[in-house]
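Load the model, turn on residue labels and keep the selection tool at hand. The stops below go pocket by pocket, then on to surface, core, charge pairs and backbone.

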Amino acid sequence: MSKVNVGIVQMSCTADKQQNLQKAIVKVREAAAKGAQIVCLQELFTSLYFCDVEDYDNFKLAEAIPGPSTDVLSKVAAELGVVIIASLFEKRAQGVYHNTTAVLDADGAYLGKYRKMHIPDDPGFYEKFYFTPGDLGYKVFKTKFATIGVLICWDQWYPEAARITALMGAEILFYPTAIGWATTQDEATNVKQYNAWQTIQRSHAVANGVHVVSVNRVGEEAGVKFWGGSFFADPFGELLHQTTVEEEEVIVKELDLDKSDYYRSHWPFLRDRRIDSYQPITKRLIDED
């Protein structure tokens, strides 16, 4: 399909897991009613962003994937005929947990999952306490409507992740996200941080000639104001739509996948890659002979 309608759900969350899941389902239905064929939910949408503290009780939020949430969402996907991208806290085994996104096809089939590769550890974002780094590598999913790649939040800052996923055939890169500002931070710094976050992702669209869709949450949680600002960018980095930084929103945009062929032909970055010269990229730093 050349054109696909993509929906994003930007919402606030509570401490009630089932309430959040049901709220997300209502908003998926809203997106489908607006014509969405693929709907992406934000990072860890079934709970508050619990990584603001290191608390062993939070491990109780985790679940198997496939599991209860994907079972429910699979039925919704099949009923509505939409693809659902669902970011969840995965319990893989006792003591092994991942930040994982499941992909459900338009017939409800579970297509697989991507486990977040890059795990941050910053004040208010203590993810290394909870998440084992992903070990499935980068993934693409051949859905009914498009071949998609899914990366998660902190992955946004790594061009290597976007490049590899695009080289695997992704036509759209999705980034479920939970990122925000400290409520004590000044407005000028807020603007700089948001602009950097959006710019790096739009650059992935340009460098790889693919659409990028980034979906963030809103609301204030434990001293962090999640900044929303979810957006769509085309394969040359043009901003197609940007949400507010405060409001819950369900947005659907038509993406023309043929634009990838146009931009990759006119600006052939992939053609001119010097793959014979890139071996040093596998080093942490290039500081030794």
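Helices (H or I, at least four residues) and strands (E, at least two) are DSSP runs, numbered from the N terminus. Keep in mind that this is a predicted model.

**Stop 1: the largest pocket**

Select His118, Tyr158, Pro159, Glu160, Arg163 and Ile164. Add Arg273, Tyr278, Ile281, Thr282, Lys283 and Arg284. Together these residues line the largest pocket. Its volume is about 570 Å³. Now colour the selection by class. The lining divides into five nonpolar, two polar and five charged residues.

**Stop 2: the second largest pocket**

Move to the second largest pocket, with a volume of about 210 Å³. Its lining has 16 residues, and Phe125, Gly180, Trp181, Ala182 and Gln193 are the closest to its centre. Which elements each supply at least two residues of this lining? Show β9 (180–182), α4 (187–208) and β12 (224–227) as cartoon to see them. The most comes from β9, with three residues. Colour by class again. The lining of the second largest pocket has ten nonpolar, five polar and one charged residues.

**Stop 3: a nonpolar patch**

Switch to a surface view. Select Phe236, Trp267 and Phe269, which make a nonpolar surface patch of about 280 Å². Centre on Trp267, in the segment after α5 (258–266). Is Trp267 buried, partly exposed or exposed? Its relative accessible area is 44%, so Trp267 counts as partly exposed.

**Stop 4: a residue with no exposed area**

Hide the surface. Go to helix α3 (residues 159–167) and pick Thr165. Thr165 has a relative accessible area of 0%, so it is buried. Next, draw a distance from the C-alpha atom of Thr165 to that of Val140. The two C-alpha atoms are separated by 6.7 Å, while the residues are 25 apart along the chain.

**Stop 5: salt bridges**

Side chains of opposite charge can pair when their charged atoms come close. A search of the whole structure finds 17 salt bridges. Visit some of them.

Start with Glu248 and Lys23, whose side chains meet in a salt bridge at 2.4 Å, N to O. Glu248 lies in the loop between β14 (239–242) and β15 (249–256), and Lys23 lies in helix α1 (residues 17–33), so this pair ties together parts that are 225 residues apart in sequence. Both partners are partly exposed: Glu248 at 31% relative accessibility, Lys23 with a relative accessible area of 24%.

Next, select Asp57 and Lys60. Their side chains form a salt bridge of 3.7 Å, N to O. Asp57 is partly exposed, with a relative accessible area of 47%, whereas Lys60 counts as exposed at 69% relative accessibility.

Then take Asp272 and Arg271. The closest N and O atoms of this salt bridge are 2.7 Å apart. Asp272 is partly exposed, at a relative accessible area of 45%. Arg271 is exposed, at 62%.

Finish with a group. Select Glu90, Arg92, Lys113, Arg115 and Asp135. Salt bridges link these five residues in a network.

**Stop 6: backbone details**

Show the backbone as sticks. Where is the cis peptide bond? Zoom in on Ile65 and Pro66, which the cis bond joins, with omega about 0°. Pro66 sits in the loop between β2 (38–41) and α2 (68–80).

Leu44 is also placed in the loop between β2 and α2. Leu44 has a positive phi of about 50°, although it is not a glycine. At 2% relative accessibility, it counts as buried, because the cut-off for buried is under 20%.

Which residue in the loop between β7 (147–150) and α3 should you pick next? Select Cys153, which is found there. Its phi is positive too, about 40°, and Cys153 is not a glycine. Cys153 is buried, with a relative accessible area of 6%.

**To save as views**

Keep one scene for the pocket of about 570 Å³ and one for the pocket of about 210 Å³. Add a scene for the patch of Phe236, Trp267 and Phe269. Save another for the network of Glu90, Arg92, Lys113, Arg115 and Asp135. Close with the cis bond between Ile65 and Pro66.

Methods: Residues are numbered from 1 along each chain as its sequence is written. This is a predicted model: local features need pLDDT of at least 70, side-chain atom pairs count only at pLDDT 80 or more; totals for chains, interfaces and linings use all residues. Side-chain values use heavy atoms; hydrogens and water are left out. On a 1 Å grid over the protein atoms alone, a cavity is a set of points where a 1.4 Å probe fits but cannot get out, and a pocket is an open set with protein on both sides within 12 Å along at least five of seven lines; lining residues have an atom within 4 Å of a point. Grid points are joined across faces, edges and corners, and a volume is the space filled by probe spheres set on the points. Ala, Val, Leu, Ile, Met, Phe, Trp, Tyr, Cys and Pro count as nonpolar, Asp, Glu, Lys and Arg as charged, and the others, Gly among them, as polar. Patches are made of residues with over 30% relative accessible area and no salt bridge: like charges are joined within 9 Å, nonpolar side chains (Val, Leu, Ile, Met, Phe, Trp, Tyr) within 5 Å. Accessible areas come from the Shrake-Rupley method with a 1.4 Å probe; for residues, only the protein chains shown count as cover. A salt bridge is a side-chain nitrogen of Lys or Arg within 4 Å of a carboxyl oxygen of Asp or Glu. Buried means under 20% relative accessible area, exposed over 50%, partly exposed in between (1.4 Å probe, protein chains only).
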